[in-house]
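Here are a few notes from my look through the model, to read with the structure open. Pull it up and follow along.

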Amino acid sequence: PGHGKPFEGKDGIAPVQACLRDLWKQAEQLKRKGVAAADAAASIDLRAHASRFPQFASVGFDRQAVERIYAVIDERAASAK
């Protein structure tokens with residue numbers, strides 16, 4: 001997935017995709033509510049994925065990553081006009 005020990009086989013793909021979809025869904029919802037990226041990063045909850053990805057055992061996500069997600073959302077909105 002980009003960090004940590006690589007997995008083998010295709011069985012590892014679906015959990016990574018599910019986690020990323022969850023991350024984006026939460027970030028998009030928070031952005032729509034007008035929550036600043038830094039505050040969104042502090043409140044994103046990926047604990048549902050902690051059994052597979054122990055780094056998500058607590059609430060919060062990398063602020064810079066969420067800022068980038070917000071920027072991509074803005075870029076997509078601007079290109080859709």
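1. The largest nonpolar core in this predicted model has 16 residues. Ile44, Leu46, Val66 and Tyr70 are the ones with the most contacts inside that core. H1, helix H2 (37-43) and H3 each put in at least two residues, and H1 gives the most, with 5 residues. As background, nonpolar side chains tend to be buried together in soluble globular proteins.

2. Have a look at tyrosine 70 next. Setting aside neighbours within four places in sequence, tyrosine 70 touches Ala27, Leu30, Lys31, Val35, Ala36, Ala37 and Ala40.

3. Aspartate 22, in helix H1 (residues 13-32), deserves a moment too. What is the nearest side chain of opposite charge to this buried residue? That is lysine 25, 6.2 Å away, and aspartate 22 has no salt bridge. Because a salt bridge needs the charged atoms within 4 Å, lysine 25 at 6.2 Å doesn't make the cut.

4. What aspartate 22 does have is a polar contact from its side chain to the side chain of histidine 49, at 2.9 Å. Beyond its neighbours within four places in sequence, aspartate 22 is in contact with Asp45 and Leu46 as well as His49.

5. Over in helix H3 (residues 63-79) sits arginine 68. Is arginine 68 buried, exposed or partly exposed? Its relative accessibility is 45%, so it counts as partly exposed. The side chain of arginine 68 makes a polar contact with that of glutamate 75 (3.1 Å).

6. One last distance: arginine 68 and serine 51 are 17 residues apart in sequence, and their C-alpha atoms are 26 Å apart in space.

Conventions. Residues are numbered from 1 along each chain as its sequence is written. This is a predicted model: local features need pLDDT of at least 70, side-chain atom pairs count only at pLDDT 80 or more; totals for chains, interfaces and linings use all residues. Side-chain values use heavy atoms; hydrogens and water are left out. Helices (H or I, at least four residues) and strands (E, at least two) are DSSP runs, numbered from the N terminus. Buried means under 20% relative accessible area, exposed over 50%, partly exposed in between (1.4 Å probe, protein chains only). A polar contact is a pair of N or O atoms within 3.5 Å; within protein, one must be able to donate a hydrogen and the other to accept it, and residues adjacent in sequence count only if both atoms are side-chain atoms. Lys and Arg count as positive and Asp and Glu as negative; His and the chain ends are not counted. Contact means heavy atoms within 4.5 Å. A nonpolar core is a set of buried Ala, Val, Leu, Ile, Met, Phe, Trp, Tyr and Cys residues joined through side-chain atoms within 4.5 Å.
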